[in-house]
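Work through the exercises below with the model open beside you. Try each task before reading its solution.

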Amino acid sequence: MRCSGILLPVASLPSKYGIGCFSREAYEFVDQLARAGQKIWQILPLGPTGYGASPYQSFSTFAGNACFIDLEKLVEEGLLTREECESFSYGTDPQYVDYDKVEESRDVLLRKAYSRFNPEEDFGDFVRENGFWLEDYALYMAFKGSHEGEPWTEWEEELRDRHPGPIQNERMKLADEIQYYRFVQYKFYQQWDRLKQYANDRQIQIIGDMPIYVSFDSADAWSNPLLFQFNEKNQPIAVAGCPPDYFAPKGQLWGNPLYSWEYHRETGYSWWISRMQHSLRLYDVVRIDHFRGFDEYYSVPFGEETAEFGHWEKGPGLELFRALQEKVENLQVIAEDLGFLTESVIQLVKDTGYPGMKVLEFAFDSDPTCLYLPHNIPQNSIIYTGTHDNDTLAGWIRTMPPHADRYARQYLDYHGHDEKEYIWKFIRLAIASVAQRAVIPMQDYLCLGSEARINVPSTVGENWKWRLLKGQFTDELADRIRELSGIYGRL
């Protein structure tokens, strides 16, 4: 079925208290999506983040971000007072997240809420049903707190390597702290489940994001070292990255631990099956990031300061996805197949049958055979003007090489000078394409410039901050989006 939607991270919602969350404004955004005739809300990973606030470097692949918990609901439940919530500074600019202030205030407030929480039956059910990941996560975060935030590789050996006796001793000492992290996850999932159900009841699907790799500083790496290419001291043998290219002469050193695919194969890919089942509890459709890494992955020796001296290794290929298909119900996946693709990657995407991604900002290099041009894309695709890793359309247009601008104007048959009209031409091109699904970033519908960009890859410090302002997603804009979607059969 042809449909369309909007890309907007949860953190970018115009909620109170410094960051987008599962608040009334989130429900209002869903209402506007419905008014606009949209069937998709695409978001970024929902996991707890550390330094740099990247949702692709999370402390857990299963846990949720405490900052997304709506404080107003905790006030309604009697766990907080409005005065307590309003006693903090959450930053000076409502258009950008101040992560230091948000995280510091959330920790204080959620601990207050926890101190007043009387566990109900639903809480016990949640803890039991999610024990397969929750216990390791809560233990990990409690240990991390008692070690002043240091990663697990810096802990004393008996905790780093999970010796049963010392682990049990610390578990007893930190029992209340562990319970606090269970409480936070309970509230996260309780609120997210309600919001997701609200969207589903309005025929809106959530497209979520599964990063291919987990963070080295994570409960996943600490609690399941056999999943990764670690030595006997639980240090990585090699880490993930990207090879040198025109844009990054020394490559990109991501630093994530690489998987021990032999071990995953021996265990029937059970961890991946659990991970995918859990992701499909969070989302209706899962976009798998860096799909290329399942065909071949770039391996950089641990300790290298750049990615220059890495090499390619063979990934699990189709075998993994056959295992998922066999064990996971209602498996709906989008393959993030962007970047340089080899014939074997292209074949893997075809063999899985998953829709790939097509991005208009990659299309206009004056080559009519470019795979991102609408006349070349297959129906089994999801088309974007840009993603969270791209500049906004306005920012991209302002920095386009002259040859790309000429070709785009010829392609669109537009030779005017109105930037907003130019942007809407690109949006119309995506909506009109044969791709079954079309997703447009909210910033492009608002014709915002580079100041609204979500992420600049391989940089740290200024990313993941932009927020939608209250009132920007107007009824007039929703009606215009609905009209355009209707013209091209996407309602």
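The exercises go from the whole chain to one helix of this predicted model.

**Exercise 1.** Find how many helices and strands the protein has, and judge its compactness from the radius of gyration.

*Solution.*
- Step 1: Count the elements. There are 19 helices and twelve strands.
- Step 2: Take the radius of gyration, which is 23 Å.
- Step 3: Compare. The globule rule gives 23 Å for 491 residues, so the protein is as compact as a globular protein of that length.
- Step 4: Add the box. Along the principal axes, the C-alpha atoms fill roughly 70 × 55 × 40 Å.

**Exercise 2.** State what share of the residues is buried, and what share of the contacts links residues 24 or more positions apart.

*Solution.*
- Step 1: Buried means under 20% relative accessible area. By that cut-off, 58% of the 491 residues are buried.
- Step 2: Consider contacts with a separation of 6 or more. Of these, 74% join residues 24 or more positions apart.
- Step 3: Turn to the outside. The accessible surface is about 21000 Å², and carbon and sulfur atoms hold 49% of it.

**Exercise 3.** Count the charged side chains of each sign.

*Solution.*
- Step 1: Positive side chains number 49, negative ones 74.
- Step 2: Locate the centres of the two sets. They lie 5 Å apart.

**Exercise 4.** Which residues of helix H16 are buried, and what follows the helix?

*Solution.*
- Step 1: H16 spans residues 402-412.
- Step 2: Its buried residues include Ala404, Tyr407, Ala408, Arg409 and Leu412.
- Step 3: Recall the geometry. An α-helix has 3.6 residues a turn, so residues three or four places apart point the same way.
- Step 4: Look for the cover. Helix H17 (419-432) is among what covers the buried residues of H16.
- Step 5: Move past the end. Asp413 follows H16, with a positive phi near 55°.

Notes: Residues numbered from 1 in each chain as written. Predicted model: local features only at pLDDT ≥ 70, side-chain atom pairs only at ≥ 80, totals over all residues. Heavy atoms only, no water. Helix = DSSP H or I, 4+ residues; strand = E, 2+ residues; numbered from the N terminus. Rg over C-alpha atoms; globule rule 2.2 N^0.38 Å. Buried < 20%, exposed > 50% of the residue type's maximum accessible area, 1.4 Å probe, protein only. Contact = heavy atoms within 4.5 Å. Areas by Shrake-Rupley, 256 points an atom, 1.4 Å probe, with all protein chains shown as cover. Lys, Arg positive; Asp, Glu negative; His and termini not counted. Charge placed at Lys NZ, Arg CZ, Asp CG, Glu CD.
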